[in-house]
Amino acid sequence: MMDEGTELSVTIAQIVQRLKGAHLHSQLEKQARECLHRPEIKLESLKEDVRNFLRVSGWERKLQNAVYRELHILPPPGHPAAPPEHTKEPLAYMRKAQASWEKRILKSLNSMCTELGVPLARKRPIPEQKELTNKWNEMGTDEPDLSKFRPVYAPKDFLEVLISLKNPNHDCREGLTARSHWGLIQISLNVRDIPQMREAYPELSLTCCQLGVDDHAHIPPDLFESEHIRIGKKVVSEQDSAAAQQYSRQGCPTGLRAQLWALILNATNEPEDIMHYEQLKAAVIHHDLLVDNLIYKDVKLTASNDDYYFVFEDFLYQVLLCFSRDTAVLEHFSYNSATPPKSYIQGKTGTEEFAVVYPPNGVIPFHGFSMYVAPLCFLYNEPSKLYSVFREMYVRYFFRLHSISSSPSGIVSLCLQFERLLQSHLPQLFYHLQKIGAQPLRIAFKWMVRAFSGYLSTDQLLLLWDRVLGYDSLEIVAVLAAAVFAFRAENLMEVTSLASAEAVLADLSTLKVMPLLQIFLFA
């Protein structure tokens, strides 16, 4: 292990290196050069005066926000001698399981490609390009025949892979309590118990005011809501990512949420971002990819049938088709346990120099993928801004929900966290459900893999995602899944089969997120 000083200097060097090539760096240089002509810049105090100008004109804050983003995205520096794959995932058996899962996904995609005789990519003829350009804002009216296409995988297929995970260095017969055999996840990871969570989430305690509890109609707004909104406006005007993140732990007011989330994520909508989005749009118009059909199919199967999200169908196509072409997304594979899939240029199979990442962003969409974007459509009505926020949410959080890793925010940890919380909090319920063949994780997995999108009402989902951003962790998703079981425990104790347990938990649209979380953790 490195000592704290060395670790800090390595992190600083990494951030400086990453920001050097960024657009912000050239903008800062340009501003510094231009300010030299100003009368208040003196030669004898040049360095201090330029710094002062950048501070007053808001550029220093932009730099702070960019550094803050890097700190959240970069994994903690490992040992200098550790190979790069350790940064992606330190546990060898997790890396192996992820690699084997990727092979399965790619095999499924390739076999679909062969069966249907559809190429992975093709250049669109000019008339088709023109047609797509004209109907770009109303792609939902298009009804292509997608009956032959099937999702590459669904969450339940992924769950079976997680259930089969085994640590080869761990003898399952010794050292494990009887309780750990109750659950489906049979590996040991360090997950927090309730006392540790109370320490980690002090702002959720019963003594703290929350949006989602203290803003209800029967509570006078001057007790909390008015002051919280006033502070929120100040945070937005200060443009400080760290302050916005701390603020969102108590919830974001509806009118400020879009600005606060963009600020926390440092997702900008500058001319260069808009240009990048337009370039991606051009790439969609020029080339047709097999994954486009998977995106169409997924939107039709999920969001189009959802009472909250069907109106955003066109936005979802635009964002997801552009996302599949965005090679900037590949950067997150340096800290993601997954590796971008590769395919070969036609006729060059097996020749490594002709291998290309496919799709260009390295992410093969699965059943339900469009639900990561759908809730954001309530906040952003400008496609380039919506795109920039979604991409940032994906490379920070959502990728962890469909890759095998030991990260505390990874789906494996969330599953284990959920089972442990339920086992320690409601052992009789867990035992009862396990005995009748209704393992709780089989029901809750689909909620967690989508971070509850499509299951909660939108206002409640946004309150949950406020806390995901505020605490920079998906752990709260597992806590909510356990809290839902606790809330319906009485009914669940009466059920006698998996089907009846699923029926009790079929509709979560009336649930209130914050009271459930507070009661589960602090009552």
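**Salt bridges, cavities and backbone details**

With a relative accessibility of 56%, E115 counts as exposed. The model is a predicted one, and E115 is a handy place to start on its charged pairs. The side chain of E115 forms a salt bridge with that of R150, at 3.6 Å from N to O. E115 sits in helix α6 (residues 92–116), while R150 belongs to the loop between α7 (126–134) and α8 (155–163), so the bridge ties together parts that lie 35 residues apart in sequence. On the other side of the pair, R150 comes out at 33% relative accessibility, which makes R150 partly exposed.

How many salt bridges are there in total? The count comes to 17. Another of them joins the side chains of K135 and E131, with an N to O distance of 3.7 Å. Here the lysine is the hidden partner: K135 counts as buried at 18% relative accessibility, just inside the cut-off of 20%. E131, in contrast, is partly exposed at 46%.

The bridge between K300 and E313 has an N to O distance of 2.7 Å. This pair links distant parts of the chain, as K300 is in helix α14 (residues 290–301) and E313 in helix α15 (residues 313–324), 13 residues apart. Buried or exposed? K300 and E313 are both buried. Besides these pairs there is a network of salt bridges, which links R122, R124, E128, D288, D292 and R325. The network thus takes in three arginines along with a glutamate and two aspartates.

Turning to the cysteines, how many disulfides does the whole structure contain? The search comes back with 0. Two of the cysteines show why. For C252, the closest cysteine sulfur is that of C208, and at 15 Å the two are too far apart for a bond. For C322, the closest cysteine sulfur is in C377, 13 Å away, which again is too far for a bond. A disulfide would need the two sulfur atoms within 2.5 Å. Both C252 and C322 are tucked away: C252 is buried with a relative accessible area of 2%, and C322 is buried with a value of 0%.

Next come the internal voids. Rolling a probe the size of a water molecule over the atoms shows where empty space is left. In this model, 5 cavities of 30 Å³ or more turn up. The largest cavity holds about 200 Å³ of space. Its lining consists of 17 residues, and those closest to the centre are E102, I105, A338, G362 and I364. Which element gives the most to this lining? That is α6, with 4 residues. α6 is also the helix that carries E115, the glutamate paired with R150. In terms of chemistry, the lining of the largest cavity is a mix, with 9 nonpolar residues, 7 polar ones and 1 charged.

Helix α24 (residues 513–522) is worth a look for its surroundings. Of its 10 residues, 8 are buried, so the helix is largely enclosed by the rest of the structure. The buried set is made up of V513, M514, L516, L517, Q518, F520, L521 and F522. What covers these residues? The cover includes α9 (194–200), α17 (411–425), α20 (458–471) and α21 (475–487).

Finally, a few backbone oddities deserve a mention. The peptide bond from Y358 to P359 is cis, with omega near -10°. P359 is found in the loop between β4 (355–357) and α16 (383–396). Then there are residues that have a positive phi without being glycine. One of these is N266, with phi near 55°. N266 is in the loop between α12 (257–265) and α13 (271–286), and N266 is partly exposed, at 21% relative accessibility. That value falls just on the other side of the 20% limit for buried residues. F452 also has a positive phi, of about 70°, although F452 is not a glycine. F452 is placed in the loop between α19 (440–449) and α20, and α20 is among the helices that cover the buried residues of α24. Unlike N266, which is partly exposed, F452 counts as buried, with a relative accessibility of 0%.

Definitions and conventions: Residues are numbered from 1 along each chain as its sequence is written. This is a predicted model: local features need pLDDT of at least 70, side-chain atom pairs count only at pLDDT 80 or more; totals for chains, interfaces and linings use all residues. Side-chain values use heavy atoms; hydrogens and water are left out. Buried means under 20% relative accessible area, exposed over 50%, partly exposed in between (1.4 Å probe, protein chains only). A salt bridge is a side-chain nitrogen of Lys or Arg within 4 Å of a carboxyl oxygen of Asp or Glu. Helices (H or I, at least four residues) and strands (E, at least two) are DSSP runs, numbered from the N terminus. On a 1 Å grid over the protein atoms alone, a cavity is a set of points where a 1.4 Å probe fits but cannot get out, and a pocket is an open set with protein on both sides within 12 Å along at least five of seven lines; lining residues have an atom within 4 Å of a point. Grid points are joined across faces, edges and corners, and a volume is the space filled by probe spheres set on the points. Ala, Val, Leu, Ile, Met, Phe, Trp, Tyr, Cys and Pro count as nonpolar, Asp, Glu, Lys and Arg as charged, and the others, Gly among them, as polar. Contact means heavy atoms within 4.5 Å.
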